[in-house]
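Student: Could we go through this structure one question at a time, with the cut-offs stated as we go?
Tutor: Yes; look at the sequence and the model, then ask.

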Amino acid sequence: MATMTEKETIKTHTTHYIDGAFVESHGREVMDIINPTNGQLIARVTLADEEDARRAIAAAKRAFASFGRTTKEERAKILRRLHEVVSAHIDDLTAAMVEEYGGTIAFSRLLMEGAANVFLSAEKALQELPLTRSWGKTTVTLEPVGVAGLITPWNANSFFLSAKLASAVAAGCTTVIKPSELSPLQTRVWLECLQEAELPNGLCNVVAGRGDVVGAELVRNPDVAKISFTGSVAVGQTIMRDGAATMKRVTLELGGKSPNILLDDADLDQAIPTALAIAFMNSGQACVAGTRLLVPRTRLDEVKRAILDAIRAFPAGDPADPKTAVGPMVSQKQYERVQSYIRKGIEEGAEVLVGGEGHPKGLEAGYFVKPTVFVNVKNEMTIAREEIFGPVLCIITYENDEDAIRIANDTTYGLHAYVSGTNVQRARRVASRLLAGRVAINGMLDDQQAPFGGFKYSGVGREFGTFGIEAFLEPRAILES
Ligand code: NAD
């Protein structure tokens, strides 16, 4: 039972955002939100149910009748306005991400800056994307697909809310958003941004509830034309299967087990700290984390020494401390999941170079795990095949470039890949052989105009830039005699 002091500090949210207003939840289930840094209760939120979702879909459908016919300039104006309001709340969004998710303050801020900038990136892409093409007596226009359901995961909730909304608005779609149920505090700050933006009613409706309740209603409802989903492979498969009944268009951004190929001419002083940053970004809870470091056999000893040296710059700790590189896992469940993979790695014969099972010393109260590096990993081992979603790096050795490419591509995933080496021509040649939606050479790189998405089980379709807007459009050709 909550004490008086707890009662005063625990936040309570009982509303959803439908048709331009905060409305009381029809759903009655209440969920406790725990601060992962110290295990304490910080919020109680009332979850939406199917009826809340249906009300939101109806509002989006009404709004689509006019928003679907807006001009590029009208949409661009809304995107600029969204950029302004989200930019003004970067501090609040960052604080909420640190508190409820345990994101390190440096990473959380970077992500929230991205959440603001993505609206301007979408505006730029919209200006560059021809929405009408014609030849002879044929005219093709790219039409918004209709009401879009946007579903986000907990590891970068506010960023994905912004990125998906930006592309949908640019395309002229109205939206019903189902944020992660583990991210209500970030979502609340983000909703306050929406209110300040004074969007047309019904353009953006937000109903936070369970995936198998609210998410499933979006997938099933015939008034939703498109689902843009970021999350796990298993849920992505459910959405694709269940969405088929109403012929849903889908964009699925799913998991990864990204290879990072260290070529034999790589400069380890630069490449090893980068490899650790790529593996441990967002405390390892990142779909694009480079979790398989492919190392030439001849340089393994050097690499091990470089890792033992560089890992000192990646301490686990309080996410609000700017020196912390790895925060807690989002939940007890995620903590246990990561622990079970570390145990499995040891059982299957991999060797712990650094880290291992249990909490780091002094961090027993939260869901912290030790940043862990395994050596003697075979690409067939469970820890090299399955997405762990925690700060666990697997080092796998290879014989030559062909062997490295083979191992890199020997995965069911294909979201991201990384290559480092001093001969850039050679690094490019290797990059061009990798089956991944994005390949970064010599760094942890991003470009909000570049397509983002996966080959194979990493997903279907692309987000960002013109590619991301096209995912919300249908071509219509008019042919005249
Ligand atoms: P998840 O799949 O469990 O949940 C994602 C979202 O889907 C949540 O909002 C959840 O409530 C909802 N959902 C659950 N069941 C649903 C259903 N039946 N119908 C509709 N929606 C449903 O994923 P998670 O645990 O929140 O996030 C971690 C996963 O997300 C990891 O696998 C990670 O790789 C992936 N991810 C991918 C990307 C990418 O861009 N490729 C980015 C971040 C995270």
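Student: Is Glu 143 buried, partly exposed or exposed?
Tutor: Buried means under 20% relative accessible area, exposed over 50%, and partly exposed in between, with a 1.4 Å probe and protein chains only. Glu 143 has a relative accessible area of 23%, so by these limits Glu 143 is partly exposed.

Student: What kind of model is this, and how are its residues numbered?
Tutor: The model is predicted, so local features need pLDDT of at least 70 and side-chain atom pairs count only at pLDDT 80 or more, while totals for chains, interfaces and linings use all residues. Side-chain values use heavy atoms, with hydrogens and water left out, and residues are numbered from 1 along each chain as its sequence is written.

Student: With which side chain does that of Glu 143 make a polar contact?
Tutor: Contact means heavy atoms within 4.5 Å, and Glu 143 touches Phe 472, Leu 473, Glu 474 and Arg 476, not counting residues up to four places away in sequence. A polar contact is a pair of N or O atoms within 3.5 Å; within protein, one must be able to donate a hydrogen and the other to accept it, and residues adjacent in sequence count only if both atoms are side-chain atoms. At 2.8 Å, the side-chain partner of Glu 143 is Arg 476.

Student: Which strand holds Glu 143, and how many bridges pair that strand with strand 21?
Tutor: Helices (H or I, at least four residues) and strands (E, at least two) are DSSP runs, numbered from the N terminus. Glu 143 lies in strand 7, and two strands pair if DSSP finds at least two bridges between them. Strand 7 (residues 138–144) is antiparallel to strand 21, and the number of bridges is 7.

Student: Why does one side of strand 6 and of strand 21 lack a neighbour in the sheet?
Tutor: The open sheet of 3 strands is antiparallel, in the order 6-7-21. Strand 6 (132–135) and strand 21 (473–479) stand at its edges, so one side of each is left without a neighbour because each has a single partner strand.

Student: What are the edge strands of the sheet of 7 strands?
Tutor: This open sheet has mixed pairing and the order 15-16-17-14-13-18-19. An edge strand pairs on one side only, which applies to strand 15 (351–354) and strand 19 (438–441).

Student: Which residue in strand 16 is the bridge partner of Val 352?
Tutor: Strand 15 and strand 16 (residues 372–375) run antiparallel and are joined by 3 bridges. The partner of Val 352 in strand 16 is Phe 374.

Student: Is Gln 339 buried or exposed?
Tutor: Gln 339 is placed in helix 12 (residues 332–347), and a polar atom of its side chain lies 2.8 Å from the backbone nitrogen of Gly 358. Its relative accessible area is 5%, so Gln 339 is buried.

Student: How much of the ligand's area does the protein bury?
Tutor: Polar side-chain atoms lie 2.9 Å from a ligand oxygen atom for Lys 178 and 2.6 Å for Ser 232. Accessible areas come from the Shrake-Rupley method with a 1.4 Å probe; for residues, only the protein chains shown count as cover. Taken alone the ligand exposes 850 Å², and the share buried by the protein is 87%.
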